[in-house]
Amino acid sequence: MITDKERKNMRQFYRAVLMLKDEDECRRFFDDVATIKEVIDLSARLEVARMLDSGAVFSEISRETGASSATISRVNKCLTYGEGGYKTVIDRMKEE
């Protein structure tokens with residue numbers, strides 16, 4: 001269960017991310033706030049989501065990204081039943 005303090009901190013974090021103006025600011029912020037491993041893991045999940053959205057199969061995704069079947073399944077579940085965050089970002093990336 002998320003505490004009120006944790007919820008407040010999360011909202012502050014989301015607002016901070018929204019204040020970033022460009023890719024360089026974003027990179028510098030995440031370099032400070034997260035380990036390189038955490039950023040690599042997050043970016044890999046986005047690539048898994050992008051590949052799932054484009055119709056790639058689990059074996060292809062695993063081979064190309066190195067993601068485990070558990071990670072691919074979790075991302076697939078989020079794409080299918082989640083809050084729509086991946087889909088929003090993927091659709092906007094397609095527009096670029």
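Begin the tour by selecting S43, which sits in helix α3. The model on screen is a predicted one. With a relative accessible area of 44%, S43 falls in the partly exposed class. Next, add D4 to the selection and draw a distance between the two C-alpha atoms: S43 and D4 are 39 residues apart in sequence and 28 Å apart in space.

A second pair may be displayed in the same manner. Select R15, a residue of helix α1. R15 has a relative accessible area of 46% and is partly exposed. Then select T65, which lies 50 residues from R15 along the chain; the C-alpha atoms of R15 and T65 are separated by 30 Å.

**The whole chain**

Switch to a cartoon representation of the chain. How many helices and strands does the secondary structure contain? The chain has six helices and zero strands, so that the order of elements from the N terminus reads α-α-α-α-α-α by the DSSP assignment. Along the principal axes, the C-alpha atoms occupy a box of roughly 40 × 35 × 25 Å. Colouring by accessibility would mark 12% of the 96 residues as buried. A contact map offers a further view: among contacts with a separation of 6 or more, 36% join residues 24 or more positions apart.

**The largest nonpolar core**

Select V48, A49, M51, L52, A56, I61, A67, I72, V75, Y86 and I90 and show their side chains. These eleven residues constitute the largest nonpolar core. Three helices, α3 (36-53), α5 (69-81) and α6 (85-95), each contribute at least two residues to this core. Which of the helices gives the most? It is α3, with four residues.

Within this set, centre the view on A49. Once neighbours within four places in sequence are set aside, the contacts of A49 are V75, L79, Y86 and I90. Of these partners, V75, Y86 and I90 are also listed in the core.

**The two cysteine positions**

Select C26 and C78 and display their sulfur atoms. Why does the disulfide count come to zero? A disulfide requires sulfur atoms within 2.5 Å, whereas the sulfur of C26 is 20 Å from its closest cysteine sulfur, in C78, and is therefore too far for a bond. The search from the other end returns to this pair, since the cysteine sulfur closest to that of C78 is in C26, at 20 Å. As for accessibility, C26 is partly exposed at 29%, and C78 is partly exposed at 26%.

**The largest pocket**

Finally, turn on the pocket surface. The largest pocket has a volume of about 1,700 Å³. Its lining comprises 29 residues, and those closest to the pocket centre are V17, F30, L42, L46 and V89; these five make a convenient selection for locating the site. Helices α1 (4-18), α2 (23-33), α3, α5 and α6 each give two or more residues to the lining. Colour α6 separately, as this helix gives the most to the lining, with seven residues.

Which classes of residue line the largest pocket? Colouring the lining by class shows 16 nonpolar, five polar and eight charged residues. To close, display the core and the pocket lining together: α3, α5 and α6 each supply at least two residues of the core, and α3, α5 and α6 are also among the elements that give two or more residues to the pocket lining.

Definitions and conventions
Residues numbered from 1 in each chain as written. Predicted model: local features only at pLDDT ≥ 70, side-chain atom pairs only at ≥ 80, totals over all residues. Heavy atoms only, no water. Core = buried A, V, L, I, M, F, W, Y, C linked by side-chain atoms within 4.5 Å. Buried < 20%, exposed > 50% of the residue type's maximum accessible area, 1.4 Å probe, protein only. Contact = heavy atoms within 4.5 Å. 1 Å grid on protein atoms, 1.4 Å probe; cavity = no way out; pocket = protein on both sides within 12 Å on 5 of 7 lines; lining within 4 Å. Points joined across faces, edges and corners; volume = space filled by probe spheres on them. Nonpolar A, V, L, I, M, F, W, Y, C, P; charged D, E, K, R; others polar.
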